[in-house]
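Reader: I should like to go through this structure question by question. Please present the model and then take my questions in turn.

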Amino acid sequence: MAAFVIRRLLGMVLVLFAVSVLVFLIFTVIPNGDPAYRMAGKNVTPQVVEQIRKEWGFDQNLFVQYTTTMKKLFSGNLISYENRVNVVEEIIRGLPRTFALAIGAALIWFVVGVAVGLFTAVRAGRWPDRVVTVIALVGISMPVFWLGALASYYLGYKANIFPNGGYAEIADEGFLSWLHHLLLPWLVLATLFIGVYSRVVRSSMLDTINEDYVRTARAKGLSERRVLIRHVLRNSLIPVVTLWGLDFGAILGGGAILTETVFDLQGIGQYFAESIKRLDVPPVMAVTMFGAFFIVAFNTFVDIVYALLDPRIRLE
Amino acid sequence: MSELESTRIGGVPPGDRARASSRGADPSRSGTDVLLDVRNVKVDFNTENGVVHAVDDVSFSLAPGEVLAVVGESGSGKSVTAMTLMGLTRSPNAVFGGSARLHDLDLISASGNELRRVRGKEIAMIFQDPMTSLNPVHRIGKQIVEQIQAHEDVSDEQAMRRAVQVLERVGIPRAQERAASYPHEFSGGMRQRVMIAMAMACDPAILIADEPTTALDVTIQAQILEEMRALRERSETAIILVTHDLGVVADIADRIAVMYAGRIVEMGTLDEIFYDPQHPYTWGLLGSIARIDRDRPGRLPSIPGMPPSLINRPQGCHFRPRCRHEFEACPRYPELESRLGEAPGHHDRCWLSAEEKRTRRVVGEGERDRARSRRCGGVTALLEVAHVKQHFPVRRGVFNRVSGHVHAVDDVSFSLGRGETLGLVGESGCGKTTLSRTIMRLLEPTDGTIELEGRDISHARSRELRPLRKDVQMVFQDPFASLNPRKRIVQIVGAPLMHHGVPRQEIGRRTNELLTRVGLSPEHANRFPHEFSGGQRQRIGIARALALSPKLIVLDEPVSALDVSIQAQVVNLLEDIQEELGVAYLFVAHDLSVVRHVSDRIAVMYLGRVMELSPSEELYSKPIHPYTAALLSAIPVPDPRANRDRRRVVVGGEPPSPIDPPSGCVFRTRCPRARELCRNEVPRLSEYPGGHVAACHFPLNVSEVEVGCAGKSPLSTRDSGNTAPALVEDDEMPLDTGALA
Ligand SMILES: Nc1ncnc2c1ncn2[C@@H]1O[C@H](COP(=O)(O)OP(=O)(O)OP(=O)(O)O)[C@@H](O)[C@H]1O
Ligand code: SF4
Ligand code: SF4
Ligand SMILES: [Mg+2]
């Protein structure tokens with residue numbers, strides 16, 4: 001176990017390094033990428049540009065630029081080129097928003113997805129299963145931005161049941177307002193996943209139901225309910241939980257860009273999208289590293305959980 | 001969840017009703033002491049292709065403490081019968097008829113709740129595959145506790161104490177500790193013990209065991225059968241034993257029901273069925289078994305053809321299409337009834353009169369005279385294997401350092417002549433398959449040399465191996481997994497020809513020839529594998545192996561997935577092909593009976609090493625190595641009387657880990673004769689008269705003279721010592737050569 005974690009941590013360092021180099025290189029080769037021009041504003045004179053270059057170190061070679069950027073990032077002094085704010089502080093500001101969105105939505109989609117999956121697996125092939133299957137497929141194929149825009153327009157703007165986007169700090173506006181602002185984003189983000197998860201749970205359970213040990217469980221005289229929960233569901237959840245960990249990690253790392261943007265949550269995903277739009281390298285680098293960190297961390301975490309859930313798996 | 005949906009046939013069909021009432025309470029016995037009374041049970045499954053009549057008109061009764069064996073070929077409805085008694089076949093597409101009374105409850109019509117109270121409490125069940133029958137994510141002890149608490153209101157600690165007790169009773173060492181283990185930490189044999197422990201936890205009146213030992217090695221099988229016998233003796237538990245192995249039946253059963261195509265075709269006591277079988281199907285079944293206790297017949301008698309489809313069964317007697325004795329009466333429905341005056345409990349479903357049966361009965365005597373001459377010695381060597389090792393690294397730690405090696409094959413030497421068959425036997429994990437894959441050069445040996453016709457191929461590159469691929473072919477164990485389901489037969493059989501550049505028209509012609517050669521019709525060429533039965537698929541596999549006229553075919557458990565009657569057909573085919581084409585076989589198997597039948601010589605492996613290598617008759621009549629003797633002794637012979645007379649040695653324990661094999665003789669941890677010397681020195685392979693070599697310091701079945709002139713065999717492992725074998729007076733390991741001779 002310890003050896004496993006150490007190996008994974010070493011791997012994580014490598015991944016983060018590779019990701020940062022890649023992002024850095026991409027931004028130096030894309031056309032119109034010279035930040036000095038954009039920072040100079042509308043009325044550029046070559047001198048101004050040259051001065052900005054010097055000041056920000058854009059005249060140095062790529063290697064030096066990269067190392068200074070990384071140094072600044074890790075000491076928390078990285079400044080955005082575009083609006084000159086501290087990138088790390090921006091990320092820390094967006095963190096609670098993104099986390100609130102991710103945790104709430106992940107819980108909802110996990111619980112509802114498993115419940116729907118269980119329900120359809122038990123009724124496999126009969127009409128309730130078919131109806132739910134169709135609904136789930138509709139859910140899966142609904143684009144998030146479309147669903148989000150629709151929900152926020154009709155339920156927020158038109159009907160005024162929910163606030164029209166935005167995020168409310170608990171400290172400032174209280175818990176209820178916070179909840180009120182997040183409910184719609186949670187549901188919209190969860191919809192897609194509920195569709196997927198219910199299908200995964202259903203098929204995993206239908207596979208498990210035919211396992212020999214389920215027959216053994218029945219032969220013991222256990223109640224059907226106990227057979228379903230302790231033997232079928234418990235075993236079918238193993239792949240689902242690992243999937244959940246990976247998706248959750250991605251969203252914590254800022255992966256819910258569309259949802260954050262549609263509901264104007266000002267989380268890390270939205271920050272990322274805006275920075276890309278402005279070709280602003282420092283925040284893009286920082287958020288990418290942040291996201292990569294969560295994805296790799298949750299990968300490791302998922303492997304550990306997997307080994308805990310399935311005693312046959314050894315962490316090697 | 002499907003339990004509530006089962007449908008019931010409204011009574012018995014009109015024609016059957018008269019019969020049902022005219023028959024006694026018990027078709028085969030007028031006992032008063034009846035525990036379970038099964039009458040006219042019928043199970044139909046509605047499927048897309050039609051109604052599968054899986055079980056039809058099955059009646060029997062069971063007394064306390066009785067062992068009833070249900071035998072028959074695959075698909076004959078044995079498992080469905082057994083599982084129906086537990087309500088485990090209930091599903092929306094299943095239709096049931098008849099009754100099965102246990103005390104006051106009819107198991108067929110009982111509600112889900114009533115059944116649940118019976119399951120595990122009154123009737124317990126153990127299944128064929130111990131590897132998959134326990135839930136991998138729950139601890140062993142917990143799973144038994146669950147069984148107890150499903151029926152009794154006891155505390156967790158009490159239940160756990162009882163769980164540990166039953167685990168102890170079935171011979172799990174350090175049960176207290178082991179109760180906290182997960183199933184995957186146990187071997188197959190141990191898991192089957194756990195299943196038995198779980199089954200007996202609530203002291204059921206009936207134990208249903210569906211092929212409980214089929215997945216196990218013979219020495220472990222003997223231990224498990226011993227356990228079941230003990231259970232029966234201790235608590236008068238009645239056992240319904242579903243099996244296809246007549247050896248096991250002869251070993252443990254009191255009465256036998258023979259099933260064919262969903263019906264019981266014969267039912268009687270053990271001796272009645274074995275020594276006075278009435279139904280031609282039973283004759284065939286008894287005849288097709290390869291046996292270790294008889295001289296090898298030239299060919300195994302087999303039942304021609306295949307079992308019928310259960311959707312469209314032949315009218316009247318279902319066995320008609322395969323029966324040699326069919327006559328006018330057979331298209332009528334034969335009752336299961338006594339046709340013999342003197343044995344009222346012995347019933348069968350064949351229209352022949354008792355007189356005719358006695359005169360026509362031939363149990364496997366068919367072609368016994370055609371015994372083939374053995375090819376031992378005097379043949380030129382085709383394959384020479386010298387000191388071959390195959391070690392697999394075991395990795396651990398942060399940097400995946402190699403922390404040890406699995407000694408899968410550890411210094412094995414032998415040679416194989418042209419047209420000869422060498423049998424390779426041993427328990428699972430002894431390295432048989434690894435050795436055969438190394439010889440095929442699918443693996444590169446860690447050490448040692450492999451020579452094919454004098455060419456060293458031990459480290460040949462893949463290009464150099466191409467001609468070898470032509471000369472050496474392989475047939476695999478699982479006929480279902482080894483054929484590509486998306487390819488037509490002509491493509492499968494023709495593939496090797498295509499690879500070696502045979503022109504297209506030629507391929508078609510050759511394929512037809514090959515199919516004919518293996519007993520299939522050329523019309524089959526355009527079909528897909530799933531349209532064939534297991535036996536037929538194995539024939540296709542053989543045809544594919546023959547395509548390039550190889551000199552050696554490695555057969556890895558080629559018949560162990562097949563029914564006995566089909567096994568016999570395939571074994572006969574293999575022998576015919578060898579006779580005709582002079583191809584050599586390396587026949588890998590764990591089934592010593594079949595190996596004996598096909599092999600000229602046999603090598604017995606244990607923990608990656610050769611323990612004994614000998615001409616096959618020699619090996620069976622005069623095993624020299626204690627491990628060979630133990631293996632032979634563990635096999636129950638399909639002959640109840642001989643079984644009773646045999647003194648059997650049940651070797652305890654299980655093979656140790658091949659990562660850290662014992663010092664000296666690897667068998668010493670289980671050997672009843674082991675002494676100090678066995679720990680300190682690896683025994684050399686010694687040569688005895690008759691071309692017999694064995695690696696044991698204290699050999700069995702040899703005379704003083706033979707021991708005196710036993711020399712060291714060049715096949716000995718490099719690490720073996722030079723101490724000559726010695727006789728020991730006190731034979732702690734009696735061997736029943738009696739039953740084997
Ligand atoms: N749920 C089901 N639906 C349709 N057919 C079924 C079902 N269960 C079993 N059958 C069919 O019933 C027949 C009897 O099967 P069963 O498993 O009892 O055979 P068996 O004698 O136990 O064979 P084996 O030796 O292979 O275990 C087979 O043809 C099988 O395909
Ligand atoms: S009834 Fe006829 S076909 Fe059936 S086994 Fe007897 S003789 Fe053969
Ligand atoms: S060498 Fe010793 S331990 Fe090995 S088989 Fe012979 S007697 Fe048994
Ligand atoms: Mg079966």
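Reader: How many residues of the shell around ligand 2 are nonpolar, polar and charged?

Author: The model is a predicted one. The shell around ligand 2 includes C317(B), C323(B), C330(B) and C350(B), and cysteine is counted as nonpolar here. R320(B), also in that shell, belongs to a type counted as charged. By class, the shell holds 8 nonpolar, 2 polar and 1 charged residues.

Reader: Which residues come nearest to ligand 3?

Author: The surroundings of ligand 3 comprise 13 residues. By class they divide into 9 nonpolar, 2 polar and 2 charged. Those that come nearest are C665(B), C671(B), C678(B), C696(B) and H697(B).

Reader: In the open sheet of 9 strands in chain B, which are the edge strands?

Author: The order of this open sheet is 19-20-21-16-22-23-25-24-26, with mixed pairing. An edge strand pairs on one side only, and this holds for the two that end the order. They are strand 19 (472-475) and strand 26 (711-712) of chain B.

Reader: Do strand 20 and strand 21 of chain B run parallel or antiparallel?

Author: Strand 20 covers residues 552-556 and strand 21 covers residues 584-589, both in chain B. They are joined by 5 bridges, and in one of these I553(B) has Y585(B) as its partner. The direction of the two strands is parallel.

Reader: What angle does helix 14 of chain B make with strand 19 of chain B?

Author: Helix 14 of chain B, residues 462-471, packs on the sheet and touches strand 19 and strand 20 of chain B. The angle between the direction of helix 14 and that of strand 19 is about 55°.

Reader: Which strands does helix 18 of chain B touch?

Author: Helix 18 of chain B spans residues 564-581 and also packs on the sheet. Its direction makes about 155° with that of strand 21 of chain B. The strands touched are strand 16 (421-425), strand 20 and strand 21 of chain B.

Reader: In the open sheet of 8 strands, why is one side of strand 7 and of strand 12 of chain B left without a neighbour?

Author: This sheet of chain B has the order 7-8-9-4-10-11-13-12 and mixed pairing. At one end, strand 12 is joined to strand 13 (residues 347-348) by 2 antiparallel bridges, one of them pairing E337(B) with D348(B). Strand 7 (123-126) and strand 12 (337-338) have one side without a neighbour in the sheet because each stands at an edge, with a single partner strand.

Reader: How much area do chain A and chain B bury between them?

Author: The contact takes 31 residues from chain A and 35 residues from chain B. Of the buried area, 57% lies on carbon and sulfur atoms. The total that the two chains bury is about 2800 Å².

Reader: Which residues of chain A lose the most area to chain B?

Author: Three residues together account for 22% of what the chain A side buries. They are R215(A), K220(A) and P311(A).

Reader: How many salt bridges are found across the interface of chain A and chain B?

Author: The rule requires a nitrogen of Lys or Arg within 4 Å of a carboxyl oxygen of Asp or Glu. The side chains of R226(A) and E146(B) meet it at 3.1 Å, N to O. Across the interface, the number of salt bridges is 3.

Terms used:
Residues numbered from 1 in each chain as written. Chains lettered and ligands numbered in written order. Predicted model: local features only at pLDDT ≥ 70, side-chain atom pairs only at ≥ 80, totals over all residues. Heavy atoms only, no water. Near = heavy atom within 4 Å. Pairing = 2+ DSSP bridges. Helix = DSSP H or I, 4+ residues; strand = E, 2+ residues; numbered from the N terminus. Contact = heavy atoms within 4.5 Å. Axes fitted to C-alpha atoms, helices over the stretch in contact; angles between N-to-C directions. Buried area = accessible area lost by both parts, 1.4 Å probe.
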